[in-house]
Amino acid sequence: MSGIFVTKRKISPIENGRIRLRLIEESDLPMTLAWRSQDRIRKWFLHSEIVSSEQHEEWFSQYSQRDDDYLFIIEEIRDLKKPVGQISIYKIDWEGKRAEFGRLMIGEKEARGKGIAREATGLILNFAFENLGLDEVELVVKKDNKPAVTIYRDFGFNEIHESSGLKKMVKVKN
Ligand SMILES: CC(C)(COP(=O)(O)OP(=O)(O)OC[C@H]1O[C@@H](n2cnc3c(N)ncnc32)[C@H](O)[C@@H]1OP(=O)(O)O)[C@@H](O)C(=O)NCCC(=O)NCCS
(Lines give C-alpha, C1' and ligand atoms only; values in the text may rest on other atoms or scores of the structure.)
Protein backbone atom coordinates (compact mmCIF):
# COMPACT_ATOMS: atom_id res chain seq x y z
CA MET A 1 0.00 0.00 0.00
CA SER A 2 1.24 3.50 -0.67
CA GLY A 3 -0.01 7.04 -0.72
CA ILE A 4 -1.31 9.50 1.78
CA PHE A 5 -2.75 9.05 5.29
CA VAL A 6 -0.84 5.90 6.07
CA THR A 7 1.71 5.23 8.77
CA LYS A 8 5.18 6.23 7.81
CA ARG A 9 7.61 3.43 8.41
CA LYS A 10 10.52 4.03 10.73
CA ILE A 11 13.90 3.91 9.05
CA SER A 12 17.03 3.66 11.15
CA PRO A 13 19.94 5.92 10.26
CA ILE A 14 22.14 4.65 7.43
CA GLU A 15 25.84 5.33 7.82
CA ASN A 16 29.28 4.53 6.52
CA GLY A 17 31.72 6.03 9.04
CA ARG A 18 31.81 9.46 7.45
CA ILE A 19 28.19 10.10 6.47
CA ARG A 20 24.97 9.44 8.34
CA LEU A 21 21.59 9.66 6.64
CA ARG A 22 18.72 10.10 9.09
CA LEU A 23 15.10 10.96 8.40
CA ILE A 24 14.17 14.64 8.51
CA GLU A 25 12.37 15.87 11.63
CA GLU A 26 10.19 18.92 12.14
CA SER A 27 12.99 20.71 13.98
CA ASP A 28 15.14 20.50 10.81
CA LEU A 29 12.73 22.62 8.76
CA PRO A 30 14.33 26.07 9.31
CA MET A 31 17.71 24.60 8.35
CA THR A 32 16.50 22.81 5.21
CA LEU A 33 14.54 25.89 4.12
CA ALA A 34 17.64 28.07 4.55
CA TRP A 35 19.64 25.62 2.42
CA ARG A 36 16.99 25.44 -0.26
CA SER A 37 16.56 29.21 -0.39
CA GLN A 38 20.13 29.86 -1.53
CA ASP A 39 20.10 30.97 -5.16
CA ARG A 40 23.00 28.68 -6.05
CA ILE A 41 20.94 25.69 -4.87
CA ARG A 42 17.44 26.74 -5.83
CA LYS A 43 18.35 27.37 -9.44
CA TRP A 44 19.08 23.68 -9.97
CA PHE A 45 15.76 22.44 -8.64
CA LEU A 46 12.90 21.76 -11.01
CA HIS A 47 10.66 23.80 -8.72
CA SER A 48 13.03 26.68 -8.16
CA GLU A 49 10.61 29.25 -6.77
CA ILE A 50 11.09 30.77 -3.29
CA VAL A 51 9.25 28.72 -0.67
CA SER A 52 7.80 30.37 2.47
CA SER A 53 8.17 28.80 5.90
CA GLU A 54 4.40 28.18 5.92
CA GLN A 55 4.64 26.30 2.62
CA HIS A 56 7.63 24.36 3.90
CA GLU A 57 5.77 23.35 7.07
CA GLU A 58 2.72 22.36 5.02
CA TRP A 59 4.94 20.22 2.82
CA PHE A 60 6.34 18.50 5.93
CA SER A 61 2.87 17.88 7.32
CA GLN A 62 1.85 16.11 4.09
CA TYR A 63 5.18 14.29 3.90
CA SER A 64 4.73 12.97 7.44
CA GLN A 65 1.56 11.18 6.44
CA ARG A 66 2.96 9.36 3.43
CA ASP A 67 4.73 6.04 3.22
CA ASP A 68 6.07 6.66 -0.27
CA ASP A 69 8.38 9.57 0.49
CA TYR A 70 11.57 9.54 2.62
CA LEU A 71 13.79 12.57 2.99
CA PHE A 72 17.10 12.13 4.78
CA ILE A 73 19.31 14.73 6.37
CA ILE A 74 22.95 14.14 5.41
CA GLU A 75 25.21 14.48 8.45
CA GLU A 76 28.98 14.53 8.11
CA ILE A 77 30.02 12.67 11.25
CA ARG A 78 33.79 12.43 10.87
CA ASP A 79 35.22 15.94 10.40
CA LEU A 80 32.48 18.58 10.29
CA LYS A 81 30.21 16.65 12.69
CA LYS A 82 27.02 18.37 11.63
CA PRO A 83 24.11 18.26 9.18
CA VAL A 84 25.27 19.45 5.75
CA GLY A 85 22.54 18.57 3.27
CA GLN A 86 19.67 16.37 2.29
CA ILE A 87 18.76 13.56 -0.11
CA SER A 88 15.54 11.78 -0.86
CA ILE A 89 13.83 8.74 -2.28
CA TYR A 90 10.19 9.41 -3.06
CA LYS A 91 7.20 8.58 -5.23
CA ILE A 92 7.86 5.01 -4.15
CA ASP A 93 5.67 2.56 -6.02
CA TRP A 94 5.91 -0.41 -3.68
CA GLU A 95 4.15 -2.82 -6.03
CA GLY A 96 5.99 -1.69 -9.14
CA LYS A 97 9.28 -1.59 -7.14
CA ARG A 98 10.18 1.80 -8.54
CA ALA A 99 10.90 5.22 -7.07
CA GLU A 100 12.35 8.61 -7.79
CA PHE A 101 15.62 9.91 -6.42
CA GLY A 102 16.21 13.59 -5.78
CA ARG A 103 15.99 16.70 -3.64
CA LEU A 104 19.76 16.31 -3.25
CA MET A 105 21.64 19.31 -1.95
CA ILE A 106 24.73 20.10 0.04
CA GLY A 107 23.57 23.22 1.84
CA GLU A 108 26.64 23.99 3.94
CA LYS A 109 29.27 25.71 1.83
CA GLU A 110 32.21 24.17 3.65
CA ALA A 111 30.87 20.69 2.86
CA ARG A 112 30.68 21.08 -0.89
CA GLY A 113 33.06 19.46 -3.34
CA LYS A 114 34.27 16.95 -0.75
CA GLY A 115 32.56 13.86 -2.07
CA ILE A 116 29.75 14.00 0.47
CA ALA A 117 26.96 14.10 -2.14
CA ARG A 118 28.63 11.20 -3.91
CA GLU A 119 28.81 9.10 -0.73
CA ALA A 120 25.25 9.97 0.24
CA THR A 121 24.03 8.96 -3.22
CA GLY A 122 25.79 5.60 -2.90
CA LEU A 123 24.28 4.99 0.53
CA ILE A 124 20.72 5.84 -0.45
CA LEU A 125 20.84 3.83 -3.68
CA ASN A 126 22.13 0.79 -1.84
CA PHE A 127 19.35 1.25 0.71
CA ALA A 128 16.72 1.63 -2.03
CA PHE A 129 17.74 -1.54 -3.85
CA GLU A 130 18.76 -3.74 -0.94
CA ASN A 131 16.45 -2.64 1.90
CA LEU A 132 13.41 -1.18 0.19
CA GLY A 133 13.56 -3.93 -2.44
CA LEU A 134 13.28 -1.61 -5.42
CA ASP A 135 14.25 -2.70 -8.93
CA GLU A 136 14.47 0.72 -10.58
CA VAL A 137 15.20 4.31 -9.56
CA GLU A 138 14.58 7.29 -11.80
CA LEU A 139 15.58 10.95 -11.63
CA VAL A 140 15.25 14.20 -13.53
CA VAL A 141 18.15 16.66 -13.58
CA LYS A 142 18.86 19.91 -15.39
CA LYS A 143 21.27 18.95 -18.16
CA ASP A 144 23.77 21.70 -17.26
CA ASN A 145 24.11 20.50 -13.67
CA LYS A 146 27.54 19.00 -14.22
CA PRO A 147 28.37 17.96 -10.62
CA ALA A 148 25.02 16.18 -10.27
CA VAL A 149 25.10 14.53 -13.70
CA THR A 150 28.69 13.38 -13.05
CA ILE A 151 27.65 11.66 -9.83
CA TYR A 152 24.55 10.08 -11.36
CA ARG A 153 26.43 8.69 -14.36
CA ASP A 154 29.13 7.28 -12.10
CA PHE A 155 26.46 5.38 -10.15
CA GLY A 156 25.10 3.82 -13.32
CA PHE A 157 22.17 6.08 -14.13
CA ASN A 158 21.52 6.00 -17.87
CA GLU A 159 19.96 8.85 -19.74
CA ILE A 160 16.67 7.77 -21.29
CA HIS A 161 15.25 11.09 -22.40
CA GLU A 162 16.24 14.74 -22.80
CA SER A 163 14.02 17.71 -23.53
CA SER A 164 13.61 21.34 -22.47
CA GLY A 165 16.99 21.31 -20.76
CA LEU A 166 16.12 18.32 -18.56
CA LYS A 167 17.58 14.85 -18.54
CA LYS A 168 15.61 11.86 -17.32
CA MET A 169 17.91 9.13 -16.06
CA VAL A 170 17.24 5.60 -14.81
CA LYS A 171 19.22 3.09 -12.81
CA VAL A 172 18.16 -0.52 -12.56
CA LYS A 173 19.23 -2.91 -9.82
CA ASN A 174 22.60 -4.54 -10.58
C1 LIG B 1 24.99 18.61 -6.78
C2 LIG B 1 25.61 18.77 -5.40
C3 LIG B 1 24.72 18.08 -4.37
C4 LIG B 1 26.97 18.08 -5.44
O5 LIG B 1 27.58 18.31 -4.19
P6 LIG B 1 29.17 18.21 -4.05
O7 LIG B 1 29.46 18.32 -2.62
O8 LIG B 1 29.86 19.17 -4.95
O9 LIG B 1 29.38 16.77 -4.61
P10 LIG B 1 30.64 15.80 -4.52
O11 LIG B 1 31.82 16.52 -3.98
O12 LIG B 1 30.20 14.57 -3.83
O13 LIG B 1 30.87 15.38 -6.05
C14 LIG B 1 30.77 16.30 -7.10
C15 LIG B 1 31.39 15.64 -8.32
O16 LIG B 1 31.12 16.44 -9.46
C17 LIG B 1 32.34 16.75 -10.08
N18 LIG B 1 32.20 18.06 -10.68
C19 LIG B 1 32.12 19.25 -10.06
N20 LIG B 1 32.04 20.23 -10.99
C21 LIG B 1 32.04 19.63 -12.18
C22 LIG B 1 32.00 20.09 -13.52
N23 LIG B 1 31.89 21.40 -13.78
N24 LIG B 1 32.03 19.19 -14.51
C25 LIG B 1 32.12 17.88 -14.27
N26 LIG B 1 32.18 17.36 -13.01
C27 LIG B 1 32.15 18.24 -12.00
C28 LIG B 1 33.35 16.76 -8.98
O29 LIG B 1 34.65 16.62 -9.49
C30 LIG B 1 32.89 15.56 -8.19
O31 LIG B 1 33.33 14.37 -8.79
P32 LIG B 1 34.63 13.60 -8.19
O33 LIG B 1 34.19 13.02 -6.88
O34 LIG B 1 34.90 12.56 -9.22
O35 LIG B 1 35.69 14.64 -8.05
C36 LIG B 1 25.83 20.26 -5.00
O37 LIG B 1 26.55 20.88 -6.01
C38 LIG B 1 24.54 21.00 -4.74
O39 LIG B 1 24.02 21.06 -3.63
N40 LIG B 1 24.01 21.59 -5.81
C41 LIG B 1 22.77 22.37 -5.74
C42 LIG B 1 21.56 21.49 -5.72
C43 LIG B 1 21.58 20.48 -6.83
O44 LIG B 1 22.06 20.72 -7.91
N45 LIG B 1 21.01 19.29 -6.55
C46 LIG B 1 20.85 18.25 -7.52
C47 LIG B 1 19.56 18.44 -8.23
S48 LIG B 1 19.27 17.07 -9.32
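## Worked exercises on a predicted chain

Asn16 sits in the loop between E1 and E2. Residues are numbered from 1 along each chain as its sequence is written. The model is predicted: local features need pLDDT of at least 70 and side-chain atom pairs count only at pLDDT 80 or more, while totals for chains, interfaces and linings use all residues. Helices (H or I, at least four residues) and strands (E, at least two) are DSSP runs, numbered from the N terminus.

### Exercise 1: the surroundings of Asn16

Task: find out whether Asn16 is buried, exposed or partly exposed, and which residues Asn16 is in contact with beyond its neighbours within four places in sequence.

Solution. Start with the cut-offs: buried takes 20 or more other C-beta atoms within 10 Å of a residue's own, exposed takes 12 or fewer, and partly exposed lies in between, with C-beta atoms placed from the backbone. Asn16 has 14 other C-beta atoms within 10 Å, so it is partly exposed.

Next, look for contacts (C-beta atoms, placed from the backbone, within 7 Å). Outside those sequence neighbours, Asn16 is in contact with Glu119 and Leu123. Finally, take Phe127: 111 residues separate Asn16 and Phe127 in sequence, and their C-alpha atoms are 12 Å apart in space.

### Exercise 2: the sheet

Task: work out in what order the eight strands of the open sheet lie, and which are the edge strands.

Solution. Two strands pair if DSSP finds at least two bridges between them. The order is E1-E2-E3-E4-E5-E6-E8-E7, and the pairing is mixed. Strand E1 (14-15) and E7 are the edges, as each pairs on one side only. H4 packs on this sheet, where H4 touches E1, E2, E3, E4, E5, E6 and E8. The direction of H4 makes about 35° with that of E4 (axes are lines fitted to C-alpha atoms, for helices over the stretch in contact, and angles run from 0 to 180 degrees between N-to-C directions).

### Exercise 3: strand E8

Task: describe how E8 pairs with E6 and with E7, and say which residues form its covered face.

Solution. Begin with E6 (residues 136-142): E6 and E8 are antiparallel over seven bridges. Within this pair, Lys167 is the bridge partner of Val141, and Leu166 is that of Lys142.

Now turn to E7 (residues 158-163), which pairs with E8 in the antiparallel sense over five bridges. Here Glu162 has Lys167 as its bridge partner. The hairpin of E7 and E8 has two residues between the strands, and Ser164 takes a positive phi near 50° there.

Last come the faces. In a regular strand the side chains alternate between the two faces of the sheet. In E8 (residues 166-172), Lys167, Met169 and Lys171 form the covered face, while Leu166, Lys168, Val170 and Val172 form the uncovered one.

### Exercise 4: the ligand shell

Task: find how many residues surround the ligand, and which element gives the most to the shell.

Solution. A residue counts as near if its C-beta atom, placed from the backbone, lies within 6 Å of the molecule. By that test 20 residues surround the ligand, and the closest are Trp44, Ala117, Arg118, Lys146 and Pro147. Two or more residues come from each of strand E5 (98-106), helix H4 (116-131) and helix H5 (146-154). H5 gives the most, with five residues.

Definitions and conventions:
Contact = placed C-beta atoms within 7 Å.
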